[in-house]
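User: Please take a close look at one part of this structure, the largest nonpolar core, and at what lies around it. I am a first-year student, so plain wording would help.

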Amino acid sequence: MGTVYLKVFVLGLVGRICMGSVEVNFVMLILGEDVNYGYFATAPMYDVALLRVDQQYPGLISNSSISVLYQSQDAADCAQAGAAMNNVAGRMFDLISRKRGFPVLFSPGCSLEVAPLADFAREMDVLLIASTSADTSFANRARYPTFVSFGPTGQGGHVPSLKRFLRKFAWTTVTVFCESMANYLNVASFFGLTCRSIKALIASASDEFTVYYEDFDSRSPKVNFRGMLERAKSQSRIIVIETRQDIVQKIMIEAHKLKMTAEEYVFIYPEPNRRPLDISLLKPTEEFTGEVENV
């Protein structure tokens with residue numbers, strides 16, 4: 001899907017610019033080899049998008065140049081990668097200063113990587129397009145007037161959005177299932193942060209909301225999703241689930257067995273951007289072979 005959005009944007013952008021016969025200078029800014037944001041994971045997306053534009057509309061981007069600014073970096077996480085971006089931004093400034101034409105920057109980095117690049121882009125008055133990153137701070141158009149993001153809502157926006165969503169429908173009693181912090185280390189910080197944020201933010205409006213929390217360990221042989229759902233059923237009709245996508249599938253199958261997938265109940269799953277498994281929540285498993293159309 002990333003190539004589709006990028007292709008549409010490039011068509012509109014280059015179409016307007018090329019009508020004036022202006023040379024476009026595309027620059028891809030990529031740091032390291034992260035499995036989500038790194039060179040080998042993301043560079044082909046830009047290649048495919050531009051190739052499709054050229055094939056479908058011959059000559060549209062002929063009056064343009066394409067450069068890749070790549071810096072090898074062994075970053076353990078997004079924060080460490082973000083700390084290295086000032087050097088990348090400096091190299092970006094040097095590259096753009098040497099190139100002719102209208103500069104358009106692309107970056108697949110996470111939010112902490114892209115933020116300093118967006119500041120540099122503002123000062124240089126050039127367009128920066130992010131394919132992955134998203135954060136509520138990017139809505140500040142005074143600070144980021146030349147920045148555009150295609151990414152989903154960043155994790156910093158999940159809980160405030162949840163609170164507004166609950167208020168919109170006057171849902172004031174909620175059950176929250178929180179995965180053990182000891183599980184699935186690559187996304188555990190997301191689950192833990194979101195659960196703590198829900199507790200802190202909704203607790204600040206304690207007169208407005210009644211929230212029940214249940215921590216569980218999906219790896220434990222004693223985990224009982226049916227029991228969790230039965231307790232939730234006696235407490236509320238709104239259930240927030242913080243765990244991996246494949247565990248959500250198991251919970252929803254049990255919910256279907258308990259007839260909790262009708263309109264009376266609402267399940268909310270704030271999905272992390274880093275997905276350990278890419279599966280369909282509606283796909284039957286060996287544990288359940290019945291009809292799942294209503295899940």
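**The largest nonpolar core and its surroundings**

Analyst: The largest nonpolar core in this predicted model has 25 residues, and the members that touch the most others are L29, M92, L105, L117, L128 and F147. Four elements give two or more residues to this core: strand 1 (24–31), helix 4 (85–98), helix 5 (111–124) and strand 4 (127–130). As background, nonpolar side chains in soluble globular proteins tend to be buried together.

Begin with strand 1. Eight of its eight residues are buried, so the strand is mostly covered; the cut-off for buried is under 20% relative accessible area. V24, F26, M28 and I30 point one way from strand 1, while N25, V27, L29 and L31 point the other way. Both sets are buried. L29, named above among the core residues with the most contacts to other members, belongs to the second set.

Strand 1 also has strands paired with it. In general, strands of a sheet pair through backbone hydrogen bonds, either parallel or antiparallel. Strand 1 pairs in the parallel sense with strand 2 (residues 64–71), over eight bridges, and there L29 stands opposite L69. Strand 1 pairs in the parallel sense with strand 3 (residues 102–107) as well, over five bridges. In that pairing, the bridge partner of M28 is F106 in strand 3.

From strand 3 the path leads on to strand 4. These two strands are parallel and share four bridges, and S107 stands opposite A130 of strand 4. In strand 4, L127 and I129 point one way and L128 and A130 the other way. All four of these residues are buried.

L128 and A130 come up again with F147. Leaving out residues up to four places away in sequence, F147 touches V114, A118, L128, A130, S133, F138 and R141. Both L128 and F147 are among the core residues that touch the most other members.

Next come the two helices that give residues to the core, helix 4 and helix 5. Two packed helices are described by the angle between their axes and the distance between the axes. For helix 4 and helix 5 the angle is about 35°, and the axes are 9 Å apart. The crossing of helix 4 past helix 5 is right-handed. On the side of helix 4, the residues that meet helix 5 are M85, N86, V88, A89, M92, F93 and I96. Their counterparts in helix 5 are E113, P116, L117, F120 and M124. M92 and L117 thus appear in this list, and both were named above for the core.

One residue that follows deserves a separate note. D125 is found in the loop between helix 5 and strand 4. Its phi is near 60°, a positive value in a residue other than glycine. D125 counts as exposed because its relative accessibility is 62%, and exposed means over 50%. The residues of strand 4, in contrast, are buried.

For comparison, here is another part of the chain. Apart from the core described so far lies another core, of 16 residues, including A232, I241, V248 and L258. K259 is found in the loop between helix 9 (245–257) and strand 9. K259 has a positive phi of about 60° although it is not a glycine. With a relative accessible area of 68%, K259 is exposed.

Strand 9 belongs to an open sheet of four strands, in the order 7-6-8-9 with parallel pairing. Its edge strands, each pairing on one side only, are strand 7 (210–216) and strand 9 (266–268). Neighbouring strands of this sheet are turned by 20° against each other on average, direction ignored. Strand 6 (residues 173–179) and strand 7 run parallel and are joined by seven bridges. In strand 7, D215 is the bridge partner of C178.

Finally, some figures for the whole chain. It has nine helices and nine strands, and 45% of its 295 residues count as buried. The average pLDDT is 76, and 73% of the residues score at least 70. Among the elements, helix 1 (residues 2–18) has the lowest mean pLDDT, 53, and helix 8 (residues 225–233) the highest, 94. Over residues 273–295 the pLDDT stays under 50.

Notes
Residues numbered from 1 in each chain as written. Predicted model: local features only at pLDDT ≥ 70, side-chain atom pairs only at ≥ 80, totals over all residues. Heavy atoms only, no water. pLDDT = per-residue confidence, 0-100. Contact = heavy atoms within 4.5 Å. Core = buried A, V, L, I, M, F, W, Y, C linked by side-chain atoms within 4.5 Å. Buried < 20%, exposed > 50% of the residue type's maximum accessible area, 1.4 Å probe, protein only. Pairing = 2+ DSSP bridges. Axes fitted to C-alpha atoms, helices over the stretch in contact; angles between N-to-C directions. Left-handed = near helix turned anticlockwise from the far one by under 90°.
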